[in-house]
Amino acid sequence: MQDNTNYVVAPDIERARSLPGAFYLDPAVWAAQRKHLFAESWHVLLEDVGAGEVVPTNLLPGALDEPLLLLNDEGVTRCFSNVCTHRGAILVEQRKLLPPSGNLRCRYHGRRFDRAGACLGAPGFGDRCPVQGDDLPELPLAKLGPRCFVSLSPHQPWESFVEPLLTRTDWLPWEKLEKLPERERRYRFDASWMLYVDNYLEGLHIPFVHPGLSKQVDLPSYETVLLGHGSSLQIAEAAEGEPALEPPEGHPHHGRRIAAYYFFLFPTTMMNLYPWGLSLNVVRPHGIADTEVVFESWCWDETLLDRGAGAALDEVELEDEAIVLSVQRGIGAHSYHRSRYADAERGVHHFHRALCADEE
């Protein structure tokens, strides 16, 4: 019989047992994640915002469902709540261009806001407006590579969240990245978002699930580095003859031929760096067993596309999806119990420990 109540993972990986199947299926866990985990985490925004544009977005549909608006004023993008502070109407329903002197007006009762979110006036309130609380709440917005991140109430400061990635990749030509829109993909499947992350966080399955990928990386040198709260880095060295990133002198990985850096930023962001550029994978939990993954490709060297570890991303994703769906079926079985962690599952153990901390 499964242990359905003890959602604790021991700190010593050699003694620890993994999360029970019930954790992935528990409505109470899902409710707690929606209320705390997702609200307190940093998430990627996939919207492009041009000069003078106002762009509405919905942060984590199905999980947070938080209406936000992105406003670009003189080249600077800021993020605000997209909810009028009077009676809660949505302010901006579709992308639009604001004129140079334009402001935001609520279509319900006419409340107006300037480009900094300040309330300019509210019909019906006379001289009682504006007061504290009438302005639009602004959310912290920060950029990493080609995309911005936002958090409703960050548990971890942005600087400490991204520092482990930046210190290892500041030598790469991030400024040269160009989006490849024809390679964007969206996959949706009936499995827990956590199972998808579990699978991403270990290379143990590569020779069994990804026969093509296993020929392009040197599996004996595969390494997992634990970073801050739940985050981690997997390092795959290139097989002989395959393209590779070559860190400069003074870098901790100087002398190693890197096929891929797989950065996982807790809880839902994957930034995979290849010799050709960046594959950005964004996990979007829609429900207990309803997950969407968005893939974006950003290139800094087109001559290396379709070569090496990052060549067959569609094929690898479908292989991963199939195995995750298999696990989704299996975790509900009466015969399934907690398992031990393999040495190669240090990243999974680290992720589970962070999940448990957020559930307490």
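Which side chain meets that of Asp306 in a salt bridge? In this model, which I should say at once is a predicted one, the partner is Arg183, and the N to O distance is 3.2 Å. The pair links distant parts of the chain, since Asp306 lies in the loop between β19 (290–299) and α7, while Arg183 lies in the loop between β12 (178–179) and β13 (185–189), 123 residues apart. Arg183 itself counts as partly exposed, at 26% relative accessibility.

Staying with α7 and β13, there is a second pair to look at, in which the side chains of Asp314 and Arg185 form a salt bridge at 3.3 Å, N to O. Here Asp314 sits in helix α7 and Arg185 in strand β13, 129 residues apart. Asp314 is partly exposed, with a relative accessible area of 34%, and Arg185 is likewise partly exposed, at 28%. Salt bridges that share partners also join Asp48, Arg147, Lys179, Glu184, Arg186, Glu292 and Glu296 into one network. The count of salt bridges comes to 18, and one of them pairs Arg107 with Glu93, the closest N and O atoms being 3.1 Å apart. That pair joins the loop between β6 (104–105) and β7 (112–113), which holds Arg107, to the loop between β4 (76–81) and β5 (96–97), which holds Glu93. Arg107 is exposed, with a relative accessible area of 68%.

Now to an acidic residue that has no such partner. Asp320, which is placed in helix α7 (residues 313–330), is buried yet has no salt bridge, and the nearest side chain of opposite charge, Arg185, is 14 Å away. Leaving aside residues up to four places away in sequence, Asp320 touches Asn199, His205, Val209 and His210.

Asn199 takes us to helix α4, where it is among the buried residues. This helix covers residues 193–200, and eight of its eight residues are buried, including Trp193, Asp198 and Tyr200. At the start of α4, a side-chain oxygen of Ser192 comes to within 3.1 Å of the backbone nitrogen of Met194.

Finally, the cysteines. How many disulfides does the count come to? The count is zero. For Cys84, the closest cysteine sulfur is in Cys106, at 3.8 Å, which is too far for a bond because a disulfide needs the two sulfur atoms within 2.5 Å. Cys84 counts as buried, at 5% relative accessibility, and Cys119 is buried as well, with a relative accessible area of 7%.

Notes
Residues are numbered from 1 along each chain as its sequence is written. This is a predicted model: local features need pLDDT of at least 70, side-chain atom pairs count only at pLDDT 80 or more; totals for chains, interfaces and linings use all residues. Side-chain values use heavy atoms; hydrogens and water are left out. Buried means under 20% relative accessible area, exposed over 50%, partly exposed in between (1.4 Å probe, protein chains only). Helices (H or I, at least four residues) and strands (E, at least two) are DSSP runs, numbered from the N terminus. A polar contact is a pair of N or O atoms within 3.5 Å; within protein, one must be able to donate a hydrogen and the other to accept it, and residues adjacent in sequence count only if both atoms are side-chain atoms. Lys and Arg count as positive and Asp and Glu as negative; His and the chain ends are not counted. A salt bridge is a side-chain nitrogen of Lys or Arg within 4 Å of a carboxyl oxygen of Asp or Glu. Contact means heavy atoms within 4.5 Å.
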